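This report covers the overall make-up of one protein model, then two residues and a surface patch.

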Amino acid sequence: MFRFLEYLLIAGYIAVLLVISHWIGQQAYSWMPLEATAEAKKVDDLFSFLVSIGAFILLGLVGMMVYSVLFFRASKEDYSEGHPSRGDVRLEIIWTATPTLLVLWIAFQSFHIYQQLNILGLGQIVHLHLPSESANAAIVSDVPKPASETIDVFAKQWEWSFRYPNNVTSNELHLKVNRSIRLNMHAQDVIHGFYVPEFRLKQDIIPKRDIDIVLTPTRTGKYQLKDSQFSGTYFALMEADVYVESPEAYNQWLTQTASEPTTIKNQAVAEYIQPPKILFKSGWYTVVPTPSAVANERKVSNDT
């Protein structure tokens, strides 16, 4: 009877742990930036599950330690050593098989999500000995429409620029909400990293390699694109505004931008031309930033 009550108490404690761990895992959604793409939901689901598992293990171990301290404390006069614990085959199998299966499941889910992010062109990097191969990833199942447009993304020290289907060039990335878009990314000098926290996408851009990402923005707003790789002295200034807007607002911006020249500002230039704030020069080599360029400039040729 006592053994049955003991098992019942353990089962009740595990049930409580499962409920609390699940609740903590649900709170993990609020720890991340707002989800702004369809792909972000898959990443956050996996993160929430990992938090739940971690909370269950932590609370279980702490609870067992507290229980042992309260009910199995040795008396003040007891200096004897504890009974040596011998190996239990069943226990060995449980605490070996359970973490192994859990880690394999997490690895499978991570790989499955990575496939669904539809990142193309990585086969050229991974399989350099087979340049003819291509890595075709699965398209996200809940994408409303296939990618109908491609925006070229150019990264260099230290600025982002974007070329749209009608050859409009800008230092702002504009995307249509609820429409899949393909970003064809190019690095012109060193390795850069395309990273928008709300998109849950962080992809390295390799020089002389075209990397494609298909994403589906689902929340309108203004976001910040950052360079996740250390690309040189002024890499912290390498940011760009990302706008997710309605198709109407997108088309209006595209038409307006195409009709007037715009200056692609390189913030690193302003930093570079400032007088040094130190008493001596280090002599370290610094890449000179590219001067600000004028995009969408219409050149008129005069025939004589």
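Six helices and 13 strands are found in the protein; helices (H or I, at least four residues) and strands (E, at least two) are DSSP runs numbered from the N terminus. This is a predicted model, in which local features need pLDDT of at least 70 and side-chain atom pairs count only at pLDDT 80 or more, while totals for chains, interfaces and linings use all residues. Residues are numbered from 1 along each chain as its sequence is written, and side-chain values use heavy atoms, with hydrogens and water left out.

Of the 304 residues, 32% are buried. Buried means under 20% relative accessible area, exposed over 50%, and partly exposed in between (1.4 Å probe, protein chains only). Among contacts (heavy atoms within 4.5 Å) between residues at least 6 apart in sequence, 71% join residues at least 24 apart. The protein exposes about 20000 Å², of which carbon and sulfur atoms supply 62%; accessible areas come from the Shrake-Rupley method with a 1.4 Å probe.

Two partly exposed residues are listed here.

| Residue | Place | Relative accessibility |
|---|---|---|
| Val-66 | helix H2 (residues 38-71) | 43% |
| Arg-179 | loop between strand S5 (173-176) and strand S6 (181-187) | 32% |

The C-alpha atom of Arg-179 is separated by 8.4 Å from that of Leu-215, 36 residues apart along the chain.

Val-66 helps make a nonpolar surface patch of about 830 Å², together with Leu-58, Val-62, Tyr-67, Val-69, Leu-70, Phe-71 and Phe-72. Patch residues have over 30% relative accessible area and no salt bridge; like charges are joined within 9 Å, and nonpolar side chains (Val, Leu, Ile, Met, Phe, Trp, Tyr) within 5 Å. A salt bridge is a side-chain nitrogen of Lys or Arg within 4 Å of a carboxyl oxygen of Asp or Glu.
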